[in-house]
Amino acid sequence: MKTLVGILTSEKIDRLDRCVKSVLAQTATNDIVIVINTLNAMFKSDAIFLAETYGLKYIVTPSNGKPGKGKNSLIKYFRQTDYTHLIPVDGDDMLLPNAVDKLAQICSDRNPDVLGLINGLTLLYDERLTVEDWQKHETYLKRGFDNIDLKNYKKFNLHIAKIRRTSVEHDNLFNRFVLISKKAASHINYDEELAGAEDIKQGLLLKLMYHEGKLNYLLLSSQDIYLYDVTDEGVFFNTLCKSDPNMELKRFWHDLSNDQINTLQSFQLECIHD
């Protein structure tokens, strides 16, 4: 197993620096790449300087302001390397101590092609909350109400409710991919026009591949791998909540038939508990 940690930049240089430090504490410098995917020219310069300061590999890729384009850039880079596995990290988040070793052990024991995280941990200022608790928090609810146009509120919530009905497993909503093999990466192609929930959509497509016997897809329920920083309003509130819910619904569901949705709802992936 040869693992690359790929950091996809956010828009805050102090958060990116914190993210890099969390990875460097458990990974060799030459096994890290920063993908600088931004429309902000000043941040791009700062991110390049930070990468060079730490002696890290980096690439600068075109951005359209949507999360899928940056994630495709990271997947494309990974495919062209001799690494066998990728740990993707968003630049405003952190890997928790020993996460790389724990993922390597799971890979050795179970050999997943892809590992999806559920029941993860978030950071709201100085408070740590599970993802499920965060999604019930008054701050989360207020941000949603403040950012969604009232005329779209019902449609947006119906879209989210359908996503939850289709993707909730073991009473938890899919959080993110924490380990991707070269085999799985060859099947990943994010919709670059989706404003949000792009990881969930990709997870559903990979789950169908698992059902067809093409991939070994496992879930990991853990609060010891990844820490989401939700202190600031991120893509969900700044992009997804402000998008046209009709377009988002159409883009998210257009290539999933009713039969496929029924299949997705008919079984749950195996879940590992740490």
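**Note on Asn172 and Asp93**

1. At 11% relative accessibility, Asn172 counts as buried, because the limit for that label is under 20% relative accessible area. The model discussed here is a predicted one, and the values below should be read with that in mind.

2. As to its place in the chain, Asn172 belongs to the loop that runs between helix H7 (153-167) and strand S9 (176-181). When residues up to four places away in sequence are not counted, Asn172 touches Ile118, Asn119, Glu132 and Ser167.

3. The side chain of Asn172 also has a polar partner in the backbone, since one of its polar atoms lies 3.0 Å from the backbone oxygen of His170.

4. Turning to the other residue, Asp93 is found in the loop between strand S4 (85-90) and strand S5 (94-95). Asp93 counts as buried because its relative accessibility is 4%.

5. Which residues is Asp93 in contact with, leaving aside its neighbours within four places in sequence? They are Cys19, Arg176, Tyr226, Leu227, Tyr228 and Asp229. Two of these partners can be described further: the side chain of Asp93 is joined to that of Tyr226 by a polar contact of 2.8 Å, and the side chain of Asp93 also reaches the backbone nitrogen of Asp229 at 2.9 Å.

6. A last point concerns Asp93 and Asp82, which are 11 residues apart in sequence, while their C-alpha atoms are 26 Å apart in space.

How values were computed: Residues numbered from 1 in each chain as written. Predicted model: local features only at pLDDT ≥ 70, side-chain atom pairs only at ≥ 80, totals over all residues. Heavy atoms only, no water. Helix = DSSP H or I, 4+ residues; strand = E, 2+ residues; numbered from the N terminus. Buried < 20%, exposed > 50% of the residue type's maximum accessible area, 1.4 Å probe, protein only. Contact = heavy atoms within 4.5 Å. Polar contact = N/O pair within 3.5 Å; in protein donor to acceptor, adjacent residues only side chain to side chain.
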